[in-house]
Amino acid sequence: MLNFDERAIKIMAALALVIGLIGSATILGDAISNMKRGDRFVTVRGVSEKEVKADLAVWPIRVRVTGNELAEANRAADEARKKVLAFLSANGIKPEAVASQDLRVEDRQAKDYEPGKASFRYLAEYTILVRSTEVDKIKRVSQMTDKLVAAGVVLASQGNWDRSSPQFIYTQLNAIKPEMMASATQSALEVANQFATDSGSNLGSIRRATQGLFTISDRDRTSQGEGGDGGTAGVSDINKKVRVVVTVDYSLING
């Protein structure tokens, strides 16, 4: 038979086990409750847009001449080049704005797929690249190229659309990123607060936040396919629209 001390020890151990189970159940219950509360959240998007002006113009001027003699084609190309440079100088574009001058000569009769079909043998194309921060001047002068045509200069284009027109680029994106991110985040917060109010909840902390890409597009789009997601999209207009979207998950707390 168990003496009094042994029975007391066993009773105390049993009580300790019961108390421990009760405490564990309470902690587990709190954890489940917290987990359920943590599952309540709302996903919102904040948008920030800003109009800016391009600060760099890149203008490739391409002239094209033909001839049956190589020397003849080179001479005609050089004459066209001088006319273009004189035109630029006469309209206030400084020599240092001319970034490069490249000559490409193609022997049409040397192509296997065009034997005897070319009406001329040599095609010479001169590209004069103008790079300037005087964007308004470049835009104005680029609209006067009819004077070059009248002087006998044949302007070339690439692809199915004219790429001899200037490209206007905004290069100061990093300078406005912090301001736009703050604006987009504030926009997301306002939407989340409104949702919490409408649902009878209180807004909790941020669970997760992601930032989309900054896009730069022409403010006044003039052709299909323009955008700001890369390539040469959004470069035909001096005025630009910068846009960013942030996505934020906020916890919701029962009101």
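**Exercises on a predicted model**

The buried residues of helix α5 pack against four strands: β1 (41-53), β6 (201-211), β7 (215-218) and β8 (239-254). The structure is a predicted model, and the exercises below start with this helix.

**Exercise 1. Describe helix α5: what is its span, where is its kink, and which of its residues are buried?**

Step 1. Begin with the span. Helix α5 covers residues 173-198, 26 residues in total, and reaches 37 Å from its first C-alpha to its last. That is close to the 38 Å expected at 1.5 Å a residue.

Step 2. Now look for a bend. A kink of about 30° is centred on E179 in α5.

Step 3. List the buried residues of α5: L173, I176, M180, A184, A188, A192 and A196. To read this list, recall that an α-helix has 3.6 residues a turn, so residues three or four places apart point the same way.

Step 4. Finish just past the helix. G200 follows α5 and has a positive phi, near 70°.

**Exercise 2. Work out the order of the strands in the open sheet, and explain why β3 and β5 each have one side without a neighbour.**

Step 1. Pair the strands. β2 (56-67) and β4 (122-132) are antiparallel and share 11 bridges. Two examples are V63 with Y126 and R62 with T127.

Step 2. Add β3 (residues 98-107), which runs antiparallel to β4 and is joined to β4 by nine bridges. Here D107 stands opposite Y122 of β4.

Step 3. Put the order together: four strands make an open, antiparallel sheet, β3-β4-β2-β5. Because β3 and β5 (167-169) stand at the edges with a single partner strand each, one side of each has no neighbour in the sheet.

Step 4. Check how covered β4 is: nine of its 11 residues are buried.

**Exercise 3. Find which residues touch the most other members of the largest nonpolar core, and which element gives the most to this core.**

Step 1. The largest nonpolar core has 28 residues, and W59, V84, F87, L88, I93 and V130 touch the most other members.

Step 2. At least two residues each come from β2, α2 (70-90), β4 and α3 (135-142). The biggest giver is α2, with six residues.

Step 3. Zoom in on L88. Leaving out residues up to four places away in sequence, L88 touches W59, I61, I93, V98 and V130.

Step 4. Place the helices on the sheet. α2 lies across β2, β3 and β4, at about 150° to β2. α3 touches β2, β4 and β5, and its direction makes about 30° with that of β2.

Note on methods
Residues are numbered from 1 along each chain as its sequence is written. This is a predicted model: local features need pLDDT of at least 70, side-chain atom pairs count only at pLDDT 80 or more; totals for chains, interfaces and linings use all residues. Side-chain values use heavy atoms; hydrogens and water are left out. The expected span of a helix is 1.5 Å times one less than its number of residues. The bend at a residue is the angle between axes fitted to the seven residues ending there and the seven starting there. Buried means under 20% relative accessible area, exposed over 50%, partly exposed in between (1.4 Å probe, protein chains only). Contact means heavy atoms within 4.5 Å. A nonpolar core is a set of buried Ala, Val, Leu, Ile, Met, Phe, Trp, Tyr and Cys residues joined through side-chain atoms within 4.5 Å. Two strands pair if DSSP finds at least two bridges between them. Axes are lines fitted to C-alpha atoms, for helices over the stretch in contact, and angles run from 0 to 180 degrees between N-to-C directions.
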